[in-house]
Structure formats: C-alpha cells, structure tokens
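Visitor: I should like to understand how the terms used for a protein model are justified. Could we take them one at a time, setting each value against its definition?

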Amino acid sequence: MSCCGTAFTLPADLSDVAGPVDARTEELRHAGRQAPDGTVTYVLSVPGIRCGACLSAIETALKPLPGIVSVRVNLTLRRVTVVTRSAEISPGVITSALDALGYPGTPVDLGDLETLGARRESTRLLTALAIAGFGAANIMLLSVSVWSGADAATRDLFHLVSALIAVPTVAFAGQPFFRSAVSALRVGRLNMDVPISLAVLLALAMSLYESLNGGAEAYFDAAVTLIFFLLVGRYLDQRMRERARSAVVAISRLAARGATLLADGETRYVPLDEVQPGMVLRVAAGERMPVDAMVLTGRSELDRSLVTGESAPFAVAPGARVEAGTLNLSGALEVEALTSADDSFLAEIVRMMEAAETGRGRYVRVADRMARIYAPAVHLLSAATFLLWLIATGGDWYQALYAAIAVLIVTCPCALGLAVPVVHVIGAARLFEAGILMKDGTGLERLAEIDTVLFDKTGTLTTGTPHVTASNMLATGRDVARALAGRSNHPAALAIRHYLGSGSVAELDDIREWPGCGIAAVWQGRHVRLGRPDWVAEIAGQAAPATEGVSFAIEGQTTANFALGESLRTGAHEALEALRSAGLNTELLSGDGEVAVRRVAGELEIGHAAAGQSPAAKIERICALQAGGAHVLMVGDGLNDAPSLAAADVSMAPASACDAGRLAADFVFTRDSLRSVPFAHDIALHAKRLVRQNFGLAIAYNCIAVPLAMAGLVTPLVAAIAMSASSIVVVANSLRLSGGGFDGKAGTSAQPFAESQSQAFEPVAEATA
C-alpha cells in the first residue's frame, strides 16, 4: 500500500490495532446504524484527508480487515463510511487502524456536519495567509535595498530585521504545512508538504546562519513568499470543500425536529427519533412530514418537489402515501407512520447524496497525481546533491547543504501548485462575468471531460411557471372566473388570472378553497367553481371533459377549459444545438408526467427522454452511463435533483433552483438563458488546455533549473528568484483565460449573453381544450 509514493502497512496482528475500549470507541459503537441484514454502518470524520492518495491509502488498508464489508472515503466531506458485520469486528479496530495510518477519526452523524471544524480551519488559513502576505511584503522591501548595493553594515542590519519578521511569520503561517508534514512522517509517508517544509526551514536556518555571521546572502524572502503563494491555493481549496459540505446540510434541514403524536385521545410532542411505525401523527398545514406515512383522515395539498421536482401542489386524501420532508400546504392531516426517521424517504435522499459525493470525491486532481511522484523525486534529488557535493568537496558540509537547499528551493512546487488554482480563479472570474458561479475548482476539470448532458425539465429546460396555452372561455362569465382566480395563490390560478387580464370582477359569496380540487363560491345564488375538471363538472350541465388542465363552470352551464403548458427557458434551442455540435449526447430525465416530458423533448429534439423519474431512478441512470464509461453533466434545479446533481461527474443549476439544488451543484447560472451551459463548457475546455500548458512550463523549468542547481551554478537566492519567475510565467499564461475571445467547440463563448434578457420565451406547442 502507498500514499504519495511511500509504502507502509498495518500491523499484521489485528490485536495490535484493536486498542483499548475508550470513550471514542464507545461513542462510535452507539453512533453505528444497524441494517436489517445485520450489517452496521459507521461514519467517522477524518480531517487529515487532503488528497486522492489519502483516499486510496485508507480504503486499501481497511478493506482487507476481517468483518469489513465496504469502505467509502469522501474527499469533499473528509469522512469515512465503513460497513461491517457486527459480530466479526469491533469499532475499536476501525479507529485504531485509522490512527495507525496517521488519519485519526471521530464519530460523526448528520447533526455534526456543521461542527466539524471546517469554519475554524478556514479562519486559521485566512489568518496565516494575511500574516504571510504582510511578512513577505516587508521582507521584500528590505531585500530590494540589499540587492541595490547597500554597504555591509546596512546589509547586515536589514538581514537581522528580516530575520525578526521571518521567524515568527514562518512559525505561525507555516503551521498548516508543518503539521501535515509531521503527521505524514510519523507514519512513514511523504506528501507535498514534506519538501515544502524542508525547503522553508532549511532556507530559514541558512539565512539565520548567514545573518548572524555577516554573510552576504540571506533567503528570508524566498521562505516567506513560498509560504504565501501556497497558502493562497490551500485556502481556496478549503473554501470550496466547505461549500460542498453544505449541500448535505441543506437537505438534512428539511427533516422535522419532532412530531405531534395522537394517543388515547390526547396529543403530545415527541422527538423525531422516537417516532416508530404504526404511530398516529397529526401534521398541521405548514409543517413537514416527519416520516413516511399514510393519510388516515383529512384532505390537503402537499409540496412534493423533493420527490418529483414539480412545484405544483399535489392533492392527497385518505389512503394516500406521503414522504418524509414533503410540506403540508393547506389542510390538517392525521397520518399513520410507516417508517422510522432513519428509514424514511428523506433519510434515503441524504444517504444517496453522501454516497454520490463520495463517488465524486474519487476524482483525483491532476495536481494530486503529480504529487505522488513529485515529493519523493524532490527528496531524492536534494539528497543526491548533498551526498555528491559532500564527496566532491571532501566533506564540506556547508557547501553540500548550500547546494541541496538550492535544489529544494528551485524545485519547490510553487509553479506546480499554481498551475491549477490560478486557472480556476481566472476561470471563475470569467464565468462570473457571464453570470455563472463556480463553487468547486475541480468542476472545471470535470466539465472539460464530459460527453453526456442530462437535463431536468421543470425549472431547467422550462421556466417552471405554468401559462395558459389554449382556452374556450367566452366573454360570458369572465368576471366570475377572474374573481375566483384572484382569490387563490395556486400556480394554475395565477396563470389563469394572467390570461384573463384586467377587467371587471364579480362579487362572490361563500368563497372556499378545496384542497386538491380548486376554489368554489356562490354568485347570484348559483354555485361556481374553478379547478380540477371532474370536480367542476359536478355542477355543470355536461360530463367531465377528457382533458388535462383547469376548468371553470357556473352551475347548470357548460364548462370552460384552460389548457396549461410551460415556457421553454430562454436559449434552450440554441444551447441544445451547441451541445450537440460539440459532440455531446443529451438526455431528459424528469419526475413529471409522460405527456409533458414528451412534448418538451420533441420541441428540443432530445432523443432519449424518461418521465416519472424518482431521485433514485435518476441516480441509477447516471450510474449506468458512468459504468459504460460516460462522463456526465447533470443540469437540474429541484430538491429531487440534489442527489443526482451530486452523483454526476459535474453539475449545474439555475439560480432559481431550490437551496439544496444550488448547494449540490458545481456551477450556478444566474441569468435566464440556458446558453450558460455550453459557455461554461467552452471555458472548461480552454482551462484544461491552459492547465496542461502550465504543467508543461513547470516541468520545463525544473528540467533546466534542477541540473544547474545540482551543479552548484545556482545559489539559493538565484533559486528563489527563478522559482518566483516560474510562478510568474505560469500566472501570465493562465491570464490568457481572461481574454475576450477564444475558439470553443460549441461556438457560443464569444457573445453568449448578447441578447436582451427580456427576450420573449418560446412557448411550448399549444394544446387544444
């Protein structure tokens, strides 16, 4: 087994790693989730996970342990999920094994997600970054004076002042790298932080030696500037991970904290974890379903966007099954609990998101792949330089160390470390100018590799707002229909109100809204209704019309029907055509009905369209595509899309998406136009080319500078300047991404949003009433 290129193993005797039964082990035992098949799932927070090599090391080490069924490591959340056969392994074996690997973990559950120390870590990194920047700026000012030809006394004074600034700066700002390096070395590993720490500390030590002995050269500026540049990348990476965690938190917040229990004719509030199948619960309007349940009494409408992605209220009556997390909109219900909170639909959604994030975390960055060979290579080169010079000079350790430090400094991964983050930052700025927010830097890398794009329908390809596409409404009764529509906030009523426009409004009596049916009233002694066609037909002089939509009738008169449709999002046609021109496959996955899905698929010429898709079904389709070698982009907006947004290789959501959808997505586009999707793809392709060029420049620099440093032709000061110059070259090359125009596959990047945002939506084909 290896991590960052260094092999290490667990103790062969498992009893050696079982360890004592301490408080942490007992806490983990109680936090385990028992499944009906007898397996137990443990979730641990492991803050030491930082790269793809860490992920591979943990999984490779834990999987062979007896009693382990599966191990999943989430790079984004820094969590390890272990499924075990409870009779064969103790939780203490898991914690002790992680300790032996150098990745101590603590038990965690969903309630702990916001208290994992992520915010404290971000604050520490930002503070270290500010201090490193302050120190680097001041030391550089002093160095300029020395380089300008200051006399010996002034030079020595400035070196001492630089030392007073550099030592505390390095001691504080370098802690993220020092701690990581020490943790790796304790368990026999090498990572990128080891050569960084060595270079900084040796450069600092040599500089102190030179300053105290009146030497001509000191390298305080190189040590502090190196830390500053690397902290920039570390802080940006931490912030992106912190944002990624919030998607699971947002979904978990949809869970009710408790439930109103009906027992022996009395009601009492019970915590959510005490709700068991068979209990009778009361759910008032405005409350969320605590668990999956069946309606016993009452009628209401539910917001089931978590399940279907559709914003339209869903009518329920006795006998209907309702899912945990759905919102009760209009009437009180008495329901029978069918599951516990841990086995509910909402809990399954959260687990799917966690599993999906784990899958996405398996994506190993280019920089991480480079790190596996870079760290040991740097150490070997530096050690070889020291030994060769020690032999060549007859044991002159000072000259040998001098050359070895030059090699460490000249090979410090500033250019390598900046190759990806700078492109990501500039790419994020370019996307921001176009109204696209990038939340995860690796999203650009993943977006450049896609070959398949999956779209949700409602709120993504369409606006999600219904409008009247056709109606046989006559002038007679318009004032009555207008009055009824004006007394409801149902999306269909709002669409009819907009269709009927302004005008006279009839006076109504006994107005009442019937959940799941519509709104009724009395007008001039006759009943009038606006709502579901079969319900309206009860007072009309005809049978219920065989149509979808909304009907209106005055008692004893013929019904008037309103066919409802959705508008395509601006730029939908152009976006789909651009994606197909770029060689990408497009599919439509929606929780909506077959008729509506087929209509939109036909309009946009999407060949593969699936209706009635649950969150699990969407993830199943994504996994099937990925198993076939596809790289999938998911574009969606609903609560039910959050798990599939996380499961896809990369994801996008409009700003109109629900909170969970926006948080789960890698990119959020704030403008109405769907042309944001091919534009972001163009940026990603260009960013990929620039990253490769940056790595090429960094490698070319090392191929030239390292041999010169090993030959003793480069002093540590010149090495610091060369290292900084290589970083400047990489940054300058990355700035090309911010240029005004470049050739992209989709051909949309030059002016993706030139058209006015007030452009009229293209209507979906009209239906006849």
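Guide: Let us begin with valine 40, which lies in strand S4 (residues 39-45). The model shown here is a predicted one.

Visitor: Why is valine 40 called buried or exposed, whichever applies?

Guide: Valine 40 has a relative accessible area of 5%. Buried means under 20%, so valine 40 is called buried. Its C-alpha atom and that of arginine 85 are separated by 6.3 Å, although the two residues are 45 residues apart along the chain.

Visitor: What makes the contact between arginine 282 and glutamate 334 a salt bridge?

Guide: The closest N and O atoms of arginine 282 and glutamate 334 are 3.3 Å apart. A salt bridge requires a side-chain nitrogen of Lys or Arg within 4 Å of a carboxyl oxygen of Asp or Glu, so the pair qualifies. Arginine 282 lies in strand S10 and glutamate 334 in strand S16, so the salt bridge ties together parts that are 52 residues apart in sequence. A search of the whole structure finds 11 salt bridges.

Visitor: How do you know whether arginine 282 and glutamate 334 are buried, partly exposed or exposed?

Guide: The relative accessibility is 37% for arginine 282 and 25% for glutamate 334. Partly exposed covers the range between under 20% and over 50%, so arginine 282 counts as partly exposed, and glutamate 334 also counts as partly exposed.

Visitor: How do you know which strands pair with S16?

Guide: Two strands pair if at least two bridges are found between them. Strand S10 (residues 280-283) is joined to S16 by 4 bridges, and strand S11 (residues 293-297) is joined to S16 by 4 bridges. Both counts meet the requirement, so S10 and S11 each pair with S16. S10 and S16 run antiparallel, as do S11 and S16. Valine 335 in S16 stands opposite leucine 281, and valine 335 is also the bridge partner of valine 295.

Visitor: Why do the side chains along S16 point to two faces?

Guide: In a regular strand the side chains alternate between the two faces of the sheet. Along S16, Leu333, Val335 and Ala337 point to one face and are buried. Glu334 and Glu336 point to the other face and are not buried.

Visitor: What makes Asp273, Glu274, Asp342 and Asp343 a negative surface patch?

Guide: Asp and Glu count as negative, and a patch is made of residues with over 30% relative accessible area and no salt bridge, like charges being joined within 9 Å. Aspartate 342 serves as an example: its relative accessible area is 49%, so the area requirement is met. Aspartate 342 is placed in the loop between strand S16 (333-337) and helix H11 (345-361).

Visitor: How do you know that aspartate 456 and lysine 618 form a salt bridge?

Guide: The closest N and O atoms of aspartate 456 and lysine 618 are 3.4 Å apart. The limit is 4 Å, so the contact counts as a salt bridge. Aspartate 456 lies in the loop between strand S18 (452-455) and helix H17 (457-461), and lysine 618 lies in helix H23 (residues 615-627), so the pair ties together parts that are 162 residues apart in sequence.

Visitor: What is the accessibility of aspartate 456 and of lysine 618, and what are they called?

Guide: Aspartate 456 has 1% relative accessibility, and lysine 618 has a relative accessible area of 0%. The cut-off for buried is under 20%, so aspartate 456 counts as buried and lysine 618 is buried.

Visitor: Why are glutamate 594 and arginine 598 called partly exposed?

Guide: Glutamate 594 has a relative accessible area of 44%, and arginine 598 has a relative accessible area of 44%. That value is neither under 20% nor over 50%, so each residue is partly exposed. Their side chains meet in a salt bridge of 2.7 Å, N to O. Both residues lie in helix H22 (residues 594-603), 4 residues apart, about one turn of the helix.

Visitor: Why is glutamine 524 called exposed?

Guide: Glutamine 524 has a relative accessible area of 63%. Exposed means over 50%, so the term applies to glutamine 524. Glutamine 524 lies in the loop between strand S21 (518-523) and strand S22 (526-531), and has a positive phi of about 50° although it is not a glycine.

How values were computed: Residues are numbered from 1 along each chain as its sequence is written. This is a predicted model: local features need pLDDT of at least 70, side-chain atom pairs count only at pLDDT 80 or more; totals for chains, interfaces and linings use all residues. Side-chain values use heavy atoms; hydrogens and water are left out. Buried means under 20% relative accessible area, exposed over 50%, partly exposed in between (1.4 Å probe, protein chains only).
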